[in-house]
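Colleague: Please take a close look at one part of this model, the protein surface that faces one of the nucleic acid strands. A connected account would be welcome.

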2 protein chains.
Amino acid sequence: MPRSHQRRAPLYHPEPEEIDLLDVLHALADPTRMTIVRTLWAEPERACGTFPVDVAPSTLSHHFKVLRESGVIRQRGEANRRLNELRREELQQRFPGVLDAILAAAAGPAGPGPVAQED
Amino acid sequence: MPRSHQRRAPLYHPEPEEIDLLDVLHALADPTRMTIVRTLWAEPERACGTFPVDVAPSTLSHHFKVLRESGVIRQRGEANRRLNELRREELQQRFPGVLDAILAAAAGPAGPGPVAQED
DNA sequence: CACCCCATTCGATGAATGTCGAACATCGCT
DNA sequence: AGCGATGTTCGACATTCATCGAATGGGGTG
């Protein structure tokens, strides 16, 4: 069969200057994706299957794709896992204060605590 | 018939504490609505028909409803016009910095200028 | 009153979206 | 090689959504 160590399709990540604000807002305007982002906010790096969300694996994969292609997270393939991290610095550079303010607001006045899913 | 100022259904506006962050983000994640909000950001009060957007009146009405019911704007019936304004202070109270950061980011590094529609 | 203006409401419609199950791919381990 | 764990891709399906045209309503003015 074809060349074996082709990392599947290289994951698309928008360049910092290509990141669209409305795409970011749209990506964050979903409960499941917000839970993912809040979890990454509290913990820098996590594999896909380790988030406190209750959806099918295929659905989860879809949400990660939306977050990645909007520029909110970065994904890299670590072995058979996939590690996710927020693109905090790049977003801060491009849209100063936006991610901070949104995540602070999502955390609520109680401050950053354990992420609870609110479906 | 004392007062002739009975305007049919009273427009629904969520209380400050009822405003949902994801609803706000969803409301802002649309080009037409973002243009409306940016225009209101630059000018405090405006009638529905005076925004630099190119959609049918019925579509415009729909967008104003989304913005109002999400808590982003307040609408009040002034005669046969309808005046719109941002709920800046209330949003600042509930989600500190969110609206400011988003609108600053939407304005771009060039600073607040004339709102240009980007469809 | 008749007319015009502004905005809303009501379908309808096509596109986008969130969800799932099944099948596939890749890696690590036995 | 075989197997299990982890994610992705591929339809499929139902819902949401942005958009429009036509009809409606309320207010002011001639």
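Modeller: Helix 3 of chain B gives four residues to the surface near DNA strand D, the largest share; helices are DSSP runs (H or I, at least four residues), numbered from the N terminus as are strands (E, at least two), and a residue is near a strand if one of its heavy atoms lies within 4 Å of it. This is a predicted model, in which local features need pLDDT of at least 70, side-chain atom pairs count only at pLDDT 80 or more, and totals for chains, interfaces and linings use all residues. Residues are numbered from 1 along each chain as its sequence is written, chains are lettered from A and ligands numbered from 1 in the order in which they are written, and side-chain values use heavy atoms, with hydrogens and water left out.

Around DNA strand D there are 23 residues, of which S61(A), R82(A), R33(B), H62(B) and H63(B) come nearest. Of the atoms of DNA strand D that come within 4 Å of the protein, 66% belong to sugar and phosphate. By class, this surface near DNA strand D has 13 polar, six nonpolar and four charged residues; Ala, Val, Leu, Ile, Met, Phe, Trp, Tyr, Cys and Pro count as nonpolar, Asp, Glu, Lys and Arg as charged, and the others, Gly among them, as polar.

On chain A, an N or O atom in the side chain of S61(A) is 2.6 Å from a phosphate oxygen of DNA strand D, and for R82(A) the distance from such a side-chain atom to a phosphate oxygen is 2.6 Å. On chain B, a polar side-chain atom of S58(B) lies 2.9 Å from a base oxygen of DNA strand D.

Key
A polar contact is a pair of N or O atoms within 3.5 Å; within protein, one must be able to donate a hydrogen and the other to accept it, and residues adjacent in sequence count only if both atoms are side-chain atoms.
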